[in-house]
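Me: Please take a close look at the internal spaces of this structure, with the second largest cavity as the main subject. I would like a connected account that goes from its lining to the elements around it, and then to other parts of the fold.

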Amino acid sequence: MKTINDFNFENKKALIRVDFNVPLNENFEVTDDTRIQAAKPTIIKVLEDGGSAVLMSHLGRPKGVQDEFSLRHICEKVSEVLGVQVKYVANCVGREAEDAVAALNPGEVLLLENLRFHPNETSGDKGFAEQLSKLGDIYVNDAFGTAHRAHASTTIVAQFFPEHKCFGSLLSKEIESIDKVLQSGEKPITAVLGGSKVSSKITIIENILDKVDHLIVGGGMTYTFIKAKGGQIGSSICEDDKQELALEILKKAADKGVEIHLPVDVLGADAFDNNANTKVVPVDAIPEGWQGLDAGPETIKNFHEVILKSKTILWNGPLGVFEMENFANGTIALGNSIAEATENGAFSLVGGGDSVAAVKQFGFGNKVSYVSTGGGAMLESLEGKTLPGIAAIKN
């Protein structure tokens, strides 16, 4: 696996695929610069070697050229994060882009215009990828968030750099972190899967059952399992057509010697509302008209004990409706348990949109080993799929 540390970028132009698909407010100001910060180590390494960096990214899902999706809006923020005045060019291919790259001196950074202003980017067009390839001497993919897409800039362009392509430091860390969970993790390995639907996690569950020792199931998908086992779940969220599947998962886990830990009690509410009436009830005896919206105290205690015994932990999905303050306790408690286990020497990986949002919201970012930057890419990795953006560098 070639990384940026295998190359010296002196007098070289690095064509770096970054993921600067960042949120903007109505004044086109960046409201969360996490993804820009994440790309910084790779860019700085190139500059410190004495090279220059040509950055390419998408922003949003524009239909053709739309100014609201122009990367010029984020140029100032990228300059601020890098501590270098970033140049910008109003296209990502063609004479204008090529001239801007030719004028770059060592130590300088150029931000290309939004790749998705060209439909050839998402169609994976080879001619478009070849045009992009003219803009650098070495291709660096540091965009894990798009590594599951076979787009021109994430996958196809690598063909034009047979000996001069590598992973950036962010993408390397993502690959190593997932590998620690799925391949080389110290046992016992525990996966915590939350969120609302079994259907969205089924391929992950099937792939990780051979790798983990414990599987903690929480969040809304709990109730599909509990109902399948004959429990009363009131009006809790449930995928009735996935009950057979839930029972199959329980059987498969038992056959493989994987311990599945389901909630034993929940915080029930008489409405899906932060100000609803609440009470703690057994998970399999939720009254009619009530729904489980968070983990209960016994469940939190049980999960804490499992987490503290673990040496490798994967967390994907919250334990309750953490967006509502009164139903965030289970997710916060789980974060605290994982933080404590990490402090005691466990490796912890957090991935998937909702759990990453929870980690940010409740300040666990520096208390776990690694927080993945790629939602869909992370999930596909956990499903055991080979991501095209990663395969393109390895091949």
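Reply: A cavity here is a set of grid points where a 1.4 Å probe fits but cannot get out, and the residues that line it have an atom within 4 Å of such a point. The model is a predicted one, and a search through the whole of it finds three cavities of 30 Å³ or more.

The second largest of these holds about 40 Å³ of space. Its lining is made up of I300, F303, H304, I307, L319, G330, A333, L334 and S337. Two elements give two or more residues each to that lining, namely α10, which covers residues 297–309, and α11. Sorted by class, the lining has six nonpolar and three polar residues, and no charged residue is found in it.

Of these two helices, α11 can be followed further. The helix takes in residues 329–343, and because a rise of 1.5 Å a residue predicts a span of 21 Å for its 15 residues, the 21 Å between its end C-alpha atoms agrees with expectation. Its buried residues are G330, T331, A333, L334, G335, S337, I338, A339, A341 and T342. Among them, G330, A333, L334 and S337 also belong to the cavity lining. Their spacing along the sequence can be read against a general rule: an α-helix has 3.6 residues a turn, so residues three or four places apart point the same way. Just after the helix comes G345, with a positive phi of about 115°.

For comparison, the largest cavity has a volume of about 60 Å³. Its lining consists of D19, R35, A38, A39, D142, A143, F144, G145, L170 and T373. Helix α1, residues 34–49, gives the most to this lining, with three residues. The classes are five nonpolar, two polar and three charged residues, whereas the lining of the second largest cavity has no charged residues.

Open space is treated separately from enclosed space, and the largest pocket has a volume of about 660 Å³. It is lined by 30 residues, of which T34, K360, V371, S372 and T373 are the closest to its centre. The elements that give two or more residues to this lining are α1, α6 (169–182), α12 (353–361) and β17 (370–371). By class, the pocket lining divides into twelve nonpolar, 14 polar and four charged residues. T373 is listed both among the residues closest to the pocket centre and in the lining of the largest cavity.

The strands come next. An open sheet is formed by six strands in the order β3-β4-β2-β1-β5-β6, and their pairing is parallel. At its edges lie β3 and β6, each of which pairs on one side only. Within this sheet, β1 (residues 13–17) runs parallel to β5 and is joined to it by four bridges, and A14 has I138 as its bridge partner in β5. Elsewhere, β11 (residues 265–269) and β14 run antiparallel, also with four bridges between them; here G268 has G292 as its partner in β14. Strand β14, residues 291–295, is mostly covered, with five of its five residues buried.

Helix α2, residues 75–82, is mostly covered as well, since six of its eight residues fall under 20% relative accessible area and therefore count as buried. These are C75, K77, V78, S79, V81 and L82. Their cover includes α1, β2 (52–56), β3 (87–88) and β4 (109–111). The residue that follows α2 is G83, whose phi is positive and near 75°.

Two single residues complete the picture. H151 sits in the loop between β5 (138–141) and β6 (165–167), and it is buried because its relative accessible area is 9%. Leaving aside residues up to four places away in sequence, H151 touches R116, E121, T122, G124 and I156. E130, in helix α5 (residues 126–133), is partly exposed, because its relative accessible area of 41% lies between the 20% and 50% cut-offs. The C-alpha atoms of E130 and S153 are 9.6 Å apart, although the two residues are separated by 23 residues along the chain.

Methods:
Residues numbered from 1 in each chain as written. Predicted model: local features only at pLDDT ≥ 70, side-chain atom pairs only at ≥ 80, totals over all residues. Heavy atoms only, no water. Expected span 1.5 Å × (residues − 1). Buried < 20%, exposed > 50% of the residue type's maximum accessible area, 1.4 Å probe, protein only. 1 Å grid on protein atoms, 1.4 Å probe; cavity = no way out; pocket = protein on both sides within 12 Å on 5 of 7 lines; lining within 4 Å. Points joined across faces, edges and corners; volume = space filled by probe spheres on them. Nonpolar A, V, L, I, M, F, W, Y, C, P; charged D, E, K, R; others polar. Contact = heavy atoms within 4.5 Å. Pairing = 2+ DSSP bridges.
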